[in-house]
Amino acid sequence: MKKELTRQQHLELYYYMRLNRAVEDTMVKLFRQNKIVGGLYSSLGQEATSVGTAYALEKKDWLAPMIRNIGALLVKGVPPRDIFMQHMAKYDSPTKGKDGTSHFGDLENLHIVSPISMLGDLIPVMAGVAIAGRYLGQKIVSMTWIGDGGSSTGVFHEGLNFAATQKAPFVLILENNQWAYSTPVHCQVPLENLADRAKAYGIASYIVDGNDVADVYSTTRQAVARARAGDGPILIEAKTFRRLGHAQHDPAEYVPKEMRAYWEAHDPIERHEKFLMSEELLDAKGKAEIEKKIETLLAAEREFAENSPMPPPELAEQGAYCTGDDCHKIAAKWERPKSEVMPPKSSVAAVWSVKGFGQGKASDGGNAPIHFGDTPEDKPADESKSASRAMSKSSAKKLVKAPSPKPAASRKARR
Ligand SMILES: Cc1ncc(C[n+]2csc(CCOP(=O)(O)OP(=O)(O)O)c2C)c(N)n1
Ligand SMILES: [Mg+2]
């Protein structure tokens, strides 16, 4: 798979992984200087997963990061200064100092949905984003990440089931870093491969070596293309390892030494660098240039962040409640005149659509699992209302027992 990538792609993946690590190293220094006001989570050793997956998206696509996805934010175009200021709760940060970690997004330009702390909740949200994009004819794909621990939440399953049923163009990255706080995977889920969770929802899945950036990228690219083409959601399990504790406060002494040693020997940046050198895609001079570029960039970004003021006290009382138009300005980007796609003309064929979607038909032409039958079109509205009223009174009970109820009546009986 490595050979499929261009030299530029290989080098960009390397650059973003190095940038990801350098940004987090800088934040550890800031944390130790007491300049970080919130929690600080590390993605040390997981950079290939964050970077390789996000790199497979197009500019118009949407993502929602989790705490260990700073790499994905950098790939999507978030400047390091925003990440520093956000963690330092500075006034110029995306949340103007109101949040001390990674709870920020950019709906207008970068198409990033802000995460919240509740694990799994981004899954139905991003499924919704994917469906909205389809409705607007935008051909977008949405992506979010979930941990091994987070994959056991109820909303993971509800969300994935919803996305699968709706055939949402959505890619979910299950970042299996072997630990959820101090709980190892085998103590919280009886599966060898977490990708098998996809089987429950009838969707495709992949397993990748989460520490091999080229593998992560190539596989995610395939998944993104399939989702965009209408194949429905796809789950990718990236097998990787959380090299540090849950956050700065956790020395993670519960991790067996051999396990740590194994994964340290599979560092994603070192592995990719070795590959680049052996293929003569990078040499010592090129490496030094990349290091210098990152050092210069981060020095300037850090200086900007440190010089940004703390928010004024009066800001605390603003923005707590929605104030109307000045609060949320999320405007849909319509590709066609609204009148063409809004009711009553919403039956106009979409620019891009899933075959059979909305007509009760599955992609193979058969009835979709959620199909209850077509409403007869030839009856006047009043007549069909009174017919269904009569049905509900006199025959609903009988219909529940009937071996093959008429579709419209079965819908009534289920209520
Ligand atoms: C619904 C929910 N339950 C519990 C928590 C508390 N919590 C935050 S992170 C975490 C561990 C998550 O582990 P995992 O999903 O494997 O992600 P990792 O930290 O390894 O990246 C827990 C239990 C939460 N934020 N949300
Ligand atoms: Mg985990």
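What span should the 12 residues of H6 have at 1.5 Å a residue, and how far apart are its end C-alpha atoms? The expected span is 16 Å, and the end C-alpha atoms are 17 Å apart, which agrees. The model described here is a predicted one.

**Helix H6**

The buried residues of this helix are Val155, Phe156, Gly159, Leu160, Ala163 and Ala164. Seen down the axis of H6, they fall within an arc of 160°, so they line one face of the helix. The spacing fits a general rule: an α-helix has 3.6 residues a turn, so residues three or four places apart point the same way. Among the elements that cover the buried residues of H6 are helix H5 (122-135), S2 and S3.

Threonine 165 also belongs to H6. Its relative accessible area is 36%, so threonine 165 is partly exposed. A polar atom of the threonine 165 side chain lies 2.7 Å from the backbone oxygen of asparagine 161. Threonine 165 and tyrosine 201 are 36 residues apart along the chain, and their C-alpha atoms are separated by 8.1 Å. Just after H6, lysine 167 has a positive phi of about 50°.

**The magnesium ion**

Which protein atoms are the donors of the magnesium ion (ligand 2)? They are OD of Asp148, OD1 of Asn177 and O of Trp179, at 2.1 to 2.3 Å from the ion. Along the chain these donors follow the spacing D-x28-N-x1-W. Aspartate 148 sits in the loop between strand S2 (142-147) and helix H6 (154-165), while asparagine 177 sits in the loop between strand S3 (170-176) and strand S4 (179-180), so the pair ties together parts that are 29 residues apart in sequence.

Are aspartate 148 and asparagine 177 buried or exposed? Aspartate 148 has 1% relative accessibility and therefore counts as buried. Asparagine 177, at 5% relative accessibility, counts as buried too.

**Ligand 1**

There are 13 residues around ligand 1, and those that come nearest are Arg68, Ser117, Gly150, Asn177 and Trp179. Two of the magnesium donors, Asn177 and Trp179, are thus also in that list. The table gives polar contacts to oxygen atoms of ligand 1.

| Residue | Atom of the residue | Distance to an oxygen atom of ligand 1 |
|---|---|---|
| Aspartate 148 | N or O atom in the side chain | 3.1 Å |
| Glycine 149 | backbone N or O atom | 2.9 Å |
| Tryptophan 179 | polar backbone atom | 2.8 Å |

Aspartate 148 therefore appears at both ligands: its side chain has an N or O atom 3.1 Å from an oxygen atom of ligand 1, and its OD is a donor of the magnesium ion.

**Positive phi values in loops**

Where does glutamine 178 lie? Its place is in the loop between S3 and S4. Glutamine 178 is not a glycine, yet its phi is positive, near 80°. With a relative accessible area of 16%, glutamine 178 is buried, since buried means under 20%.

Alanine 89 likewise has a positive phi, of about 55°, although it is not a glycine. This residue lies in the loop between helix H4 (80-88) and H5. At 7% relative accessibility, alanine 89 counts as buried.

Key. Residues are numbered from 1 along each chain as its sequence is written. Chains are lettered from A and ligands numbered from 1 in the order in which they are written. This is a predicted model: local features need pLDDT of at least 70, side-chain atom pairs count only at pLDDT 80 or more; totals for chains, interfaces and linings use all residues. Side-chain values use heavy atoms; hydrogens and water are left out. Donors are N, O and S atoms within 2.8 Å of the metal (3.2 Å for Na, K and Ca); water is not among the atoms, so sites may look incomplete. Helices (H or I, at least four residues) and strands (E, at least two) are DSSP runs, numbered from the N terminus. Buried means under 20% relative accessible area, exposed over 50%, partly exposed in between (1.4 Å probe, protein chains only). The expected span of a helix is 1.5 Å times one less than its number of residues. The arc is that of the directions from the helix axis to the C-beta atoms. Contact means heavy atoms within 4.5 Å. A residue is near a molecule or strand if one of its heavy atoms lies within 4 Å of it. A polar contact is a pair of N or O atoms within 3.5 Å; within protein, one must be able to donate a hydrogen and the other to accept it, and residues adjacent in sequence count only if both atoms are side-chain atoms.
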